[in-house]
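I am opening a fresh notebook page to record what I looked up in this structure, element by element.

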Amino acid sequence: MSAISIILVILVAFLAGMEGILDEFQFHQPLVACTLIGIVCGHPTEGIILGGSLQLMALGWANIGAAVAPDAALASVASAIIVMKGIGGATKSADVIANAIPSAVALSVAGLFLTMICRTIAIPMVHAMDAEAEKGNIRGVELWQIAAICLQGIRIAVPAAMLCAIPSESVQKILEAMPAVVSGGMAVGGGMVAAVGYAMVLNMMATKEVWPFFILGFCLAALGQLTLISLGLIGLAMALIYLGLKEAGAKGGNNGGSGDPLGDILNDYE
């Protein structure tokens, strides 16, 4: 990796760390972070493939109450750096990506520890903001707020810089020396992790109204003649049909219907 690439990778890592809290421009999402790192390192295809694989897993990650989800930012940035450094040796790019996916899970859990440290440091910052607010110093409150957000960026930028400092040859030698049974097991585990993440999303979205669409989509996806574009257009058409039926049901809801045509049909069978 060149010096410019390292600087840009650290910048992406810094933005991803801040977006883990701001959640505005989605730099912390695997598909975005891995793609950006792939672009600045000259391997956009590998970055997109890694980001897409990790995105399926991260779809099921969400903060619920006091439960904090695994750190998608650190998992995305660190695994992308490992892949970028591992490309070029005897190990195939597909194998490098497959080996990086399970490591991303461990890194996401390690990111929770860094998050805990940053949030602990942020406690006195909040008290400092309260003190500035009592003085009527709005500028002081803003500066402490910026410092707290930058702290989240540093949380990802520092590990990224440490990974960038490791020579690419060392990463390639480690990947090439990995036994086939280990790399194969990590590839299987990575596929299972993505499936579990997608299953978690389905579990959150599963209702009696959406199950018919899932079944139809599952059957249509098995047809080899249909491309992803055609499947997307079919899904869009089904969504428009559903919204049209729902609007029609709402306008004619004086007959006792709920306004949800599929829901009314399914309720009739219960």
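Which residues of α2 are buried? I listed P30, A33, C34, T35, I37 and G38 as the buried residues of that helix, keeping in mind that I am reading a predicted model.

Entry on the surroundings of α2. I next looked up what these buried residues of α2 pack against, and I noted α1, α3 (44–58) and α4 as the partners. Just after α2 comes G42, for which I wrote down a positive phi, near 85°.

Entry on the pair α1 and α2. I looked up how helix α1 (residues 3–22) lies relative to helix α2 (residues 30–40), and found that their axes come within 9 Å and cross at roughly 170°. Because an angle over 145 degrees counts as roughly antiparallel, I entered α1 and α2 as roughly antiparallel to each other. I recorded the crossing of α1 past α2 as right-handed. On the α1 side the contact is made by S5, L8, V9 and V12, while α2 contributes A33, L36, I37 and V40. Setting the two lists side by side, I saw A33 and I37 among the buried residues of α2 and also among the residues that make the contact with α1.

Entry on the loop between these helices. I looked at Q26, which is found in the loop between α1 and α2, and noted that its phi is positive, about 65°, although Q26 is not a glycine. Is Q26 buried or partly exposed? I entered Q26 as partly exposed, because its relative accessibility is 27% and the buried class ends at 20%.

Entry on a lysine in α4. I then turned to K85, which lies in helix α4 (residues 72–86). I entered K85 as buried, because its relative accessible area is 4%, and buried means under 20%. What does the side chain of K85 reach? I found the backbone oxygen of I166 at 2.6 Å from the side chain of K85.

Entry on the whole chain. I counted 11 helices and zero strands, so that the pattern read along the sequence is α-α-α-α-α-α-α-α-α-α-α, with helices taken as DSSP runs. Of the 270 residues of the chain, I noted that 33% count as buried. The chain exposes about 15200 Å², and I wrote beside this value that carbon and sulfur atoms supply 72% of it. Lastly, I looked up the contacts between residues at least 6 apart in sequence, and noted that 71% of them join residues at least 24 apart.

Definitions and conventions: Residues are numbered from 1 along each chain as its sequence is written. This is a predicted model: local features need pLDDT of at least 70, side-chain atom pairs count only at pLDDT 80 or more; totals for chains, interfaces and linings use all residues. Side-chain values use heavy atoms; hydrogens and water are left out. Helices (H or I, at least four residues) and strands (E, at least two) are DSSP runs, numbered from the N terminus. Buried means under 20% relative accessible area, exposed over 50%, partly exposed in between (1.4 Å probe, protein chains only). Contact means heavy atoms within 4.5 Å. Accessible areas come from the Shrake-Rupley method with a 1.4 Å probe; for residues, only the protein chains shown count as cover. A polar contact is a pair of N or O atoms within 3.5 Å; within protein, one must be able to donate a hydrogen and the other to accept it, and residues adjacent in sequence count only if both atoms are side-chain atoms. Axes are lines fitted to C-alpha atoms, for helices over the stretch in contact, and angles run from 0 to 180 degrees between N-to-C directions. Angles under 35 degrees count as roughly parallel, over 145 as roughly antiparallel, 65 to 115 as roughly perpendicular and the rest as oblique. A crossing is left-handed if the near helix is turned anticlockwise from the far one by less than a right angle, and right-handed if clockwise.
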